[in-house]
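Colleague: I'm just getting started with structures like this one. Could you take me through the surroundings of a single ligand, and then how that part sits in the rest of the chain?

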Amino acid sequence: MKKIFLLSLILFLSAIIYAHEKHDIFYKKGVVFKHSTHTLKNKISCNICHSKIFKKKAYGTKFKMADLYQGKYCAVCHNGKKAFAVKNCQRCHKK
Ligand code: HEC
Ligand code: HEC
Ligand code: HEC
């Protein structure tokens, strides 16, 4: 019984994590942050971003483009070294 309970708990938790990996966040001006491309495709673990850079809550962290120009938030990585630089506006802003 105990084993079955633990197994279902593990399955349940993996389902939650998997669901979040598919979770997209929609920002202003056509920017979409996709968990999937970051965690699945580029293998960035949750704890790199949470909660050092971003709270685990959509729009829970207040930031503006001015912060990105200073190398904060998305630009911790989007600096032309770890990922494409902030000057490539259209790679984030799709419209
Ligand atoms: C590359 C950075 C990054 C990684 C890696 C990352 N996240 Fe996120 N996550 C974000 C951002 C950005 C937000 C939105 C924060 C905001 O808008 O203030 C977010 C939001 C969330 C939210 C809140 C969603 C909502 O609708 O409120 C959850 C839950 C979450 N992430 C879970 C995870 C889990 C679980 C993992 C690992 C599988 C993970 N994140 C990996 C950047 C990341
Ligand atoms: C922990 C590092 C990290 C953080 C923080 C991060 N990214 Fe990324 N991002 C990457 C990497 C690595 C790639 C893939 C390499 C590349 O395309 O240059 C990527 C790719 C992308 C892409 C192209 C693939 C896609 O999903 O369409 C977009 C758009 C993007 N990031 C937007 C964002 C936004 C918006 C934020 C902030 C809310 C953010 N990223 C924060 C590391 C990060
Ligand atoms: C790594 C992804 C990314 C790149 C590259 C990027 N932006 Fe943004 N930008 C964002 C995000 C995310 C927001 C939404 C912030 C918010 O919620 O206020 C934003 C918001 C904005 C806004 C709304 C007002 C503000 O100050 O927040 C403007 C204007 C803007 N960006 C212009 C630009 C220009 C111009 C460039 C190129 C020089 C650029 N962005 C490159 C992610 C990016």
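Modeller: Sure, let's get our bearings before zooming in. The protein chain has five helices and two strands, and this is a predicted model. Read from the N terminus, the elements go α-β-β-α-α-α-α. The radius of gyration is 16 Å, well over the 12 Å that the globule rule gives for 95 residues, so the chain is more spread out than a compact globule. You can see that in the C-alpha trace too, which spans about 55 × 25 × 25 Å along its principal axes. Just 2% of the 95 residues count as buried. As for contacts with a separation of 6 or more, 18% of them are between residues 24 or more positions apart.

Now for the close look: ligand 1. It has 22 residues around it, and the closest are His-38, Cys-46, Cys-49, Ala-58 and Thr-61. Helix 1 (2-21), helix 2 and helix 3 are the elements that give two or more residues to this shell. Sort the shell by class and you get 10 nonpolar, eight polar and four charged residues.

Let's walk along the chain from there. Helix 2 covers 35-41, and in the loop between helix 2 and helix 3 you'll meet Lys-43. Its phi is near 55 degrees, a positive value in a residue other than glycine. Is Lys-43 buried or exposed? Lys-43 counts as exposed, because it has 7 C-beta neighbours inside 10 Å. Past helix 3 (46-49), the loop leading to helix 4 holds Ser-51. A cis peptide bond joins His-50 to Ser-51, with omega at about 0 degrees.

Keep going and you reach the loop between helix 4 and helix 5, where Tyr-73 has its place. Tyr-73 also has a positive phi, near 50 degrees, and isn't glycine. With 18 other C-beta atoms within 10 Å, Tyr-73 is partly exposed.

The helices on either side of that loop bring us to another ligand. Helix 4 (65-69) and helix 5 (89-92) each supply at least two residues of the shell around ligand 3. That shell has 18 residues, of which Tyr-27, Lys-64, Met-65, Cys-89 and Cys-92 come nearest. By class, the residues around ligand 3 are 10 nonpolar, three polar and five charged. So to set the two ligands side by side: around ligand 1 the polar residues number eight, and around ligand 3 they number three.

Conventions. Residues numbered from 1 in each chain as written. Chains lettered and ligands numbered in written order. Predicted model: local features only at pLDDT ≥ 70, side-chain atom pairs only at ≥ 80, totals over all residues. Near = placed C-beta within 6 Å. Helix = DSSP H or I, 4+ residues; strand = E, 2+ residues; numbered from the N terminus. Nonpolar A, V, L, I, M, F, W, Y, C, P; charged D, E, K, R; others polar. Buried ≥ 20, exposed ≤ 12 C-beta atoms within 10 Å, placed from the backbone. Rg over C-alpha atoms; globule rule 2.2 N^0.38 Å. Contact = placed C-beta atoms within 7 Å.
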